[in-house]
Amino acid sequence: MTTLQVAVVGSGPAGIYTAEALIKQAAKLDPPVTVQVDVLDRLPTPYGLVRYGVAPDHPSIRSIADYLRNVLEHDSVSFLGGVHLGDDVTREDLLASYDAVVYATGAMRDRRMGIPGEDLPGSYAATNFVNWYCGHPDSDAGAFTLDAESVAVVGVGNVAVDVARILVRDPAELSRTDIPQAVLEALMASKVREVHMIGRRGPAQAKFTTKELRELGELSGVDIVVHPSEIDLGAFDPTGQSAETAESDRRVRGNLAVIQDWAGRAPAGESVAERRLTVRFWLRPVAVEGADRVSGLTVERTRLDEQGKFTGTGEFETIPAQMVFRSVGYQSVPLDGVPFDERSYTVPNADGRVLGPDGAPLPGEYVAGWLKRGPTGVVGTNKSDAAGTVRSLLADLTSEGAAARRPSPDELIARLAERGVRPVSYADWLRVEQAEAELGGTLGRGERVKIGDRVAIEALCRPPAG
Ligand code: NAP
């Protein structure tokens, strides 16, 4: 029986679902093919966005984490952590060592708003805040001091919802989650009382999903406010598009029901709630204000014109805020030597086959997940996406006439050793898991508390020899 050697670059959901699809689909071929998959990651820790993107108060994701863990523990899968494509290995190294390479490095860069003041102190990418509260090793534990009373979160997608929720939620409710201890303490000391979440279009165009949205209204000690005129589907949209979408799209219908419910609640003036979240629509940011740090966000009222074109009205408002988070989407980062489309921020591909400059598939190179289709969908979306890429890969590599190769992943390990790189194995990583469980016990915070400090993680994963 043939054994195919495949490298998957990226151990987030897309990468691990790819490994799983490879094993399952190859076993069903006639005759069956065995596969050995090496899953590489630039970080010493696996799971990508499942570990470093999912908010700590969303433990339902645990079942996905367990599922991914089972794949990494499969006999045919090896984890090679702390190996950076670009610094530690080249694309050529990988192509020489494996029958095929699947790039699944996700989308880790934030998009920018492109407005004045965006780089003022106090103006941040939501992705940095997410990295911080998830204990990402690239983020410093002291990266955020929440000394602002009022915060503006730009964007109405699920990341904006996560950021807004973490900012207004009673931090005591987070103490039983795995949130890093330093982050929990910073949230305990937070001065934030008011959060404004700002959509440049209307509620019918907002990207958030209903379950996530509903959760905002269920937070204890938080008033939630919407402006009735901004949620009137006809007020800023004379075309009737918004009302039509509300009829035809189940998610939008669900979102609107939640928002209408909020609008029907008692006015915030009568409330004694600790914190307030105001969700605004039809406002586009035009400037982050401030001299040496953020003092506000100026927004322009928007609408659709009679032809349905999105336009500014020339009416401006400055929302007082001492911190601004832009949550306007992620972007993929080009990989050294791998084709990249600078307009869509994805790797050009046909059914997961990486396309060269002439539009023809490059032998042995594939792409999956956000790097393939852009930053959309929920974690599970990557499962079917990865399965599609793997169908292409196996069709190519097992077709009659496919060139027989003699790849040797061992050579890659030897080359890494020459360069002074010792990959973190799955067993090495388990020491981090164990230390996190112990920390949870020591702090009396439950099952596990995340260790975010890179030095501490490195020391656990790659203890000095001897
Ligand atoms: P997203 O869903 O694409 O939302 C981005 C938001 O930013 C949109 O409201 C967009 O408005 C707005 N925006 C873009 N450019 C803007 C600009 N220049 N000025 C003002 N607003 C701007 O992206 P995301 O929230 O980063 O989420 C990424 C993916 O992860 C999504 O698929 C999301 O569902 C998923 N996710 C899921 C969960 C969960 O399931 N719990 C949690 C987090 C993330 P327009 O529509 O007008 O462009």
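Which polar backbone atom is 3.4 Å from an oxygen atom of the ligand? The one belongs to serine 327. Keep in mind that this is a predicted model, so every distance and area below is computed from it.

## Around the ligand

Serine 327 has company. A polar backbone atom of valine 156 sits 3.1 Å from an oxygen atom of the ligand. Lysine 207 uses its side chain instead: a polar atom there lies 3.2 Å from an oxygen atom of the ligand. As for coverage, the ligand on its own has 920 Å² of accessible area, and the protein covers 84% of that.

If you want to look at the wider surroundings, there are 22 residues around the ligand. Those that come nearest are Asn158, Val159, Arg200, Arg201 and Gly377.

## Two domains

The domain assignment splits the protein into two pieces. Domain 1 is built from two stretches, 4–108 and 332–424, while domain 2 runs through 111–329. Their C-alpha centres are 34 Å apart.

## Where the domains touch

On the domain 1 side, 10 residues are in contact with domain 2, and they meet 18 residues there. Together the two domains bury about 1,200 Å² between them, with 55% of it on carbon and sulfur atoms. Three residues stand out on domain 1: Tyr52, Pro56 and Asp57 supply 50% of the area that domain 1 buries against domain 2, more than any other three residues.

There is a charged and polar side to this interface too. Three salt bridges link domain 1 and domain 2. Asp57 turns up again here, forming a salt bridge with Arg165 in which the closest N and O atoms are 2.7 Å apart. The count of residue pairs in polar contact between the domains is five. Sorted by class, the side of domain 1 that touches domain 2 has five nonpolar, two polar and three charged residues.

Technical notes. Residues are numbered from 1 along each chain as its sequence is written. This is a predicted model: local features need pLDDT of at least 70, side-chain atom pairs count only at pLDDT 80 or more; totals for chains, interfaces and linings use all residues. Side-chain values use heavy atoms; hydrogens and water are left out. Domain bounds come from an automatic or database domain assignment. Contact means heavy atoms within 4.5 Å. Buried area is the accessible area (1.4 Å probe) that two parts lose on being put together, summed over both. A salt bridge is a side-chain nitrogen of Lys or Arg within 4 Å of a carboxyl oxygen of Asp or Glu. A polar contact is a pair of N or O atoms within 3.5 Å; within protein, one must be able to donate a hydrogen and the other to accept it, and residues adjacent in sequence count only if both atoms are side-chain atoms. Ala, Val, Leu, Ile, Met, Phe, Trp, Tyr, Cys and Pro count as nonpolar, Asp, Glu, Lys and Arg as charged, and the others, Gly among them, as polar. A residue is near a molecule or strand if one of its heavy atoms lies within 4 Å of it. Accessible areas come from the Shrake-Rupley method with a 1.4 Å probe; for residues, only the protein chains shown count as cover.
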